[in-house]
Amino acid sequence: MFRLRNLPRNLLKRRVLASLVLVTAILGGTLVYAQAGKVTTSYRTAPVSYGTITQSIGMAGNLTPTSEADLNFASAGTVQTVYVQVGQSVGVGTPLGTLDASLLSAQLSQAQATLAGAQAKLAQDRAGPTSAQTLTSAQNSVASALVSMTNAQTSLADTQAINAQSVSAAQAAVTAAQTLANADQAAVDQDNATLSADQAAMPVDPAKVSADQAKLAADQLVLNKDKAALDSAKTALAAATVKAQQSNDQAAAQLASMQQQYSAARSSLASLQTSATPQTIQMDNAQIQIDQINVDTLQRQVDSSTLTSPIAGIVSQVNVKAGQSASTGGASGTSAFVIFAPGSYQLTGTVSDAQVNLVAVGQTVEVTPAGSTQAVQGKIASIAPAAVVSSGVATFAVTAQLTDTSNSIRPGVSASATIVINQVVHVLTVPTSAVHTTAAGSTVQVLESGAPKTVSVQTGASDPTRIQIVSGLKLNDVVVIAVITSSLPSTNGTSVLGGGGGRGGGGGAVRGGGGG
């Protein structure tokens, strides 16, 4: 009876207890939700500090010596001797090479004789008519000069004939050697054909193939020997040709000298036979001046037949050799010798038309040669006044002179250069990400009493990491680089407010940062 009587009361208590638990759970969830919705904010900051801002432009090029001598002989001729080789160090006045001066010396002697004849004629014209004895002496001089001229003509003809025979004999030797080498080559070709045919025959006859190989080897030895003889004959022909030309030139120069002396003797005789007028004296003086210029020119050419170095340095090119003909301009525009002074270099690169107005002569340049980690200092030496346009792109050549010297640098090595176009030292700076720039101007956020405050600033120079503050901030002000927000996690491990990580905890979201 008791249990039946109290059953409704127990059920009621249980229902009340269940309701309380439900209410508690609801209230508890609400509290968790409220707690999870709480947001915290923190700031990434940096102090205003003194620093140096450097702005630069990059370019690339090759290092070339600033002191380089491209040298050629003063006159054309045959190189007689080369005294230096590539890589050799030379001083000022060191002989580099010498031309064969035989022809020049003969021409100089002729010119000196002509000058002496003109001077003698002037003296005779000034002296006026002379005695019969003097006339006889002058006539004898004419006769003697005629004999000398005739002998020189005969000598030239004989020299040319002998030289022609020498060259012809050398040419015949080359032709004979070439014919023999051609026959040898034909025999070797036939041996190869026979050997190939015997090797391809079925069945192969080893004895016949072996005999073919032996004959081919023997004929090849004969061919090699005859080719060597042909090369020797060609060398002899070249030497004979050069020697013949030099001999002919000397004989021709001797004849020209004798002809000039004969002409001078005749003029002298004519002057003795007639009275000289003022016009004759004037013409004599003019002729002496012309002859003196010719003598001086030839004398300089003889003196300069030996080429010397005008600077101290290192030989980088030798483009001539003994026996070779040399011209005053070099072959194909190349110089006979090239000397450079080590330790002084320049670099020429290009900058765009948008950058050229930022570059000025005297600006500092840091040059890093290829293969080096150490930059050397330099200065901008020159800027091209006009652009070079290629495919519609305009660039300007800029040359930097290295102020640091290094004997380890080799001419022509590639290098990169950094041109310092602007540098401000010991100025107030902040990270570039702290500055926000719009059309209205630039601002930063300054942290005061834990809260950011927007401040207008005037900026100056900037580089990739920092920017100059001209006004609006003072030393040690704290500026905001980034704002970080975060929320507390809920009981089931998720955040009511989502977002990226930050210093304040999980789920942070970054605001701001980018600088103008």
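The legends below walk through several close-up views of this predicted model.

Local features are described where pLDDT is at least 70 and side-chain atom pairs where it is 80 or more, while totals for chains, interfaces and linings use all residues. Numbering starts from 1 along each chain as its sequence is written, and side-chain values use heavy atoms, with hydrogens and water left out.

**View 1. The whole chain, with its 5 helices and 22 strands.** Helices (H or I, at least four residues) and strands (E, at least two) are DSSP runs, numbered from the N terminus. Of the 516 residues, 31% are buried, where buried means under 20% relative accessible area with a 1.4 Å probe, counting protein chains only; exposed means over 50% and partly exposed lies in between. The chain exposes about 29,300 Å², and carbon and sulfur atoms supply 56% of that area, as computed by the Shrake-Rupley method with a 1.4 Å probe. Contacts, meaning heavy atoms within 4.5 Å, often reach across the sequence: among those between residues at least 6 apart, 77% join residues at least 24 apart.

**View 2. The open sheet β7-β6-β4-β9.** Here 4 strands come together with antiparallel pairing; two strands pair if DSSP finds at least two bridges between them. β7 (306-308) and β9 (325-326) stand at the edges with a single partner strand each, so one side of each has no neighbour in the sheet. Look next at β6 (residues 95-99), which is joined to β7 by 3 bridges. Within this antiparallel pair, glycine 97 faces leucine 307 of β7.

**View 3. The open sheet β3-β10-β8-β5.** This sheet also has 4 strands with antiparallel pairing. Its edge strands are β3 and β5 (89-90), each of which pairs on one side only. Between β3 and β10 there are 4 bridges, and the two strands run antiparallel. Follow aspartate 70 across to β10 and you arrive at its bridge partner, valine 338.

**View 4. Phenylalanine 73 and phenylalanine 337, an edge-to-face pair.** The chain has 1 aromatic pair by the rule that ring centres of Phe, Tyr and Trp (its six-membered ring) lie within 6.5 Å, with planes under 30 degrees apart counted as stacked, over 60 as edge-to-face and the rest as tilted. The ring centres of phenylalanine 73 and phenylalanine 337 are 6.4 Å apart and the planes meet at 75°, so the pair is edge-to-face. The two partners are 264 residues apart: phenylalanine 73 belongs to the loop between β3 (68-71) and β4 (77-82), and phenylalanine 337 to strand β10 (residues 337-340). Both residues are buried.

**View 5. The largest nonpolar core, with 21 residues.** A nonpolar core is a set of buried Ala, Val, Leu, Ile, Met, Phe, Trp, Tyr and Cys residues joined through side-chain atoms within 4.5 Å. Met59, Leu63, Val351, Val367 and Ile419 touch the most other members. Two or more residues come from each of β2 (49-65), β11 (345-352), β12 (364-369), β13 (376-383), β15 (393-402) and β16 (414-431), and β15 gives the most, with 4 residues. Beyond four places away in sequence, valine 351 touches Ile57, Met59, Val356, Thr395, Phe396, Val398 and Ile419. A second, separate core has 16 residues, among them Val79, Val90, Phe337 and Ile339.

**View 6. Two hairpins from β17 to β19.** The first hairpin joins β17 to β18 through 2 residues. These antiparallel strands, β17 (residues 436-438) and β18 (residues 441-448), share 3 bridges, and histidine 436 stands opposite threonine 443 in β18. The next hairpin links β18 to β19, again with 2 residues between the strands; serine 449 in this turn has a positive phi of about 55°. There, 7 bridges join β18 to the antiparallel strand β19 (residues 451-462), with leucine 447 opposite proline 452 in β19.

**View 7. Glutamine 468 in strand β20 (residues 466-471).** Is this glutamine 468 buried or exposed? Glutamine 468 is buried, with a relative accessible area of 14%. Leaving aside residues up to four places away in sequence, its contacts include Ile53, Val424, Leu428, Gln458 and Ala461.

**View 8. Helix α2 (residues 102-127).** At 1.5 Å a residue, its 26 residues should span 38 Å, which agrees with the 38 Å between its end C-alpha atoms; the expected span is 1.5 Å times one less than the number of residues. Buried residues of α2 include Leu104, Leu108, Ala111, Leu115, Ala118, Leu122 and Asp125.
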